[in-house]
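Colleague: I'm new to reading structures and would love a close look at one spot in this one. Could you pick up at a residue inside a loop and walk me outward from there?

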Amino acid sequence: KIRVENPQGYDPSQVTGWTLFTADASDYIVDGTPQTIPFTKMDSTSWGIYSSSTLEVAVRISDLRPFQMTERRAWVSVVVSNHPAGDTGYLRFRAPEAYVWNFDDAEFIYQT
């Protein structure tokens, strides 16, 4: 069971404030990260939340098991809706280290 408490808004300190702890049934901390969790192993900082009252993101992953176990690729579907108006913006997808994005151009389907 994972309990997540998101902040109410963006604060610049978020990029150095993400940590991860495990706790027992009585909420006593058992283990945790001594410093902020970097966004990637090449970063020294983490990430911050984006404030939008309308942005909706849905992610569907067909199978969370490793390829070595299933010998089949998993399909990732991401739907972003109600995004803020404007003609520019970036969306970055990251997978944990050792995961490989493996798709042909024809398999990358997008709609604007």
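Colleague: Let's take Ser46: is it buried or exposed? And which residues does Ser46 touch?

Modeller: Ser46 counts as buried, because its relative accessibility is just 8% and the cut-off for buried is under 20%. Keep in mind as we go that this is a predicted model. Ser46 sits in the loop between β2 (29–32) and β3 (56–61). Setting aside residues up to four places away in sequence, Ser46 touches Gln14, Val15, Trp18, Thr36, Ile37, Pro38 and Phe39. One of those deserves a second look: a polar atom of the Ser46 side chain lies 2.6 Å from the backbone oxygen of Ile37.

So let's hop over to Ile37. Ile37 also belongs to the loop between β2 and β3. Ile37 counts as partly exposed, at 24% relative accessibility. Apart from neighbours within four places in sequence, Ile37 is in contact with Trp18, Thr19, Leu20, Thr45, Ser46 and Trp47. Trp18 turns up here, and Trp18 is on the list for Ser46 too. Ile37 and Trp18 are 19 residues apart in sequence, yet their C-alpha atoms are 5.7 Å apart in space.

Now step back to see where that loop fits. The chain has one helix and four strands, and reading along the sequence gives you the pattern β-β-β-α-β. Buried residues make up 5% of the 112 residues, and Ser46 is one of the buried ones. Take the contacts with a separation of 6 or more: 39% of them link residues 24 or more positions apart. The accessible surface of the chain comes to about 10800 Å², and 53% of that belongs to carbon and sulfur atoms.

Next, follow the chain to the helix. Thr70 lies in helix α1 and is buried, with a relative accessible area of 18%. Leaving out neighbours within four places in sequence, Thr70 is in contact with Asp63 and Arg65. Those two partners also meet each other: the side chains of Arg65 and Asp63 form a salt bridge, 2.8 Å from N to O. Asp63 is buried, at 17% relative accessible area, whereas Arg65 is partly exposed, at 45%.

A search of the whole structure finds two salt bridges, and the other candidate to look at joins the side chains of Arg73 and Glu107, 2.6 Å from N to O. Arg73 lies in the loop between α1 (67–70) and β4 (76–81), and Glu107 in the segment after β4, so this pair ties together parts that are 34 residues apart in sequence. Arg73 is partly exposed, with a relative accessible area of 36%, and Glu107 is partly exposed as well, at 24%.

While you're in the loop between α1 and β4, check out Glu71. Glu71 is exposed, at 62% relative accessibility, and has a positive phi of about 55° although it is not a glycine. Why point that out? Most residues other than glycine have a negative phi. Asp27 is another case, with a positive phi near 65°, and you'll find Asp27 in the loop between β1 (21–23) and β2.

Then there's the nonpolar patch on the surface. It is formed by Leu55, Val57, Val59, Ile61, Leu64, Val76, Val80, Phe93, Trp101, Phe103, Phe108 and Tyr110, with about 1200 Å² of accessible area together. β3 and β4 each supply at least two residues of the patch, and the largest share, three residues, comes from β3. Phe103, by contrast, is in the segment after β4. Phe103 counts as partly exposed, at 40% relative accessibility.

Last, a word on how far to trust all this. The mean pLDDT of the chain is 80, and 84% of the residues reach 70 or more. Confidence is lowest in β4, at a mean of 84, and highest in β2, at 91. Where pLDDT is low, the predicted coordinates should not be read in detail.

Definitions and conventions:
Residues are numbered from 1 along each chain as its sequence is written. Side-chain values use heavy atoms; hydrogens and water are left out. A salt bridge is a side-chain nitrogen of Lys or Arg within 4 Å of a carboxyl oxygen of Asp or Glu. Buried means under 20% relative accessible area, exposed over 50%, partly exposed in between (1.4 Å probe, protein chains only). A polar contact is a pair of N or O atoms within 3.5 Å; within protein, one must be able to donate a hydrogen and the other to accept it, and residues adjacent in sequence count only if both atoms are side-chain atoms. Contact means heavy atoms within 4.5 Å. Patches are made of residues with over 30% relative accessible area and no salt bridge: like charges are joined within 9 Å, nonpolar side chains (Val, Leu, Ile, Met, Phe, Trp, Tyr) within 5 Å. Accessible areas come from the Shrake-Rupley method with a 1.4 Å probe; for residues, only the protein chains shown count as cover. pLDDT is the predictor's confidence in each residue, from 0 to 100.
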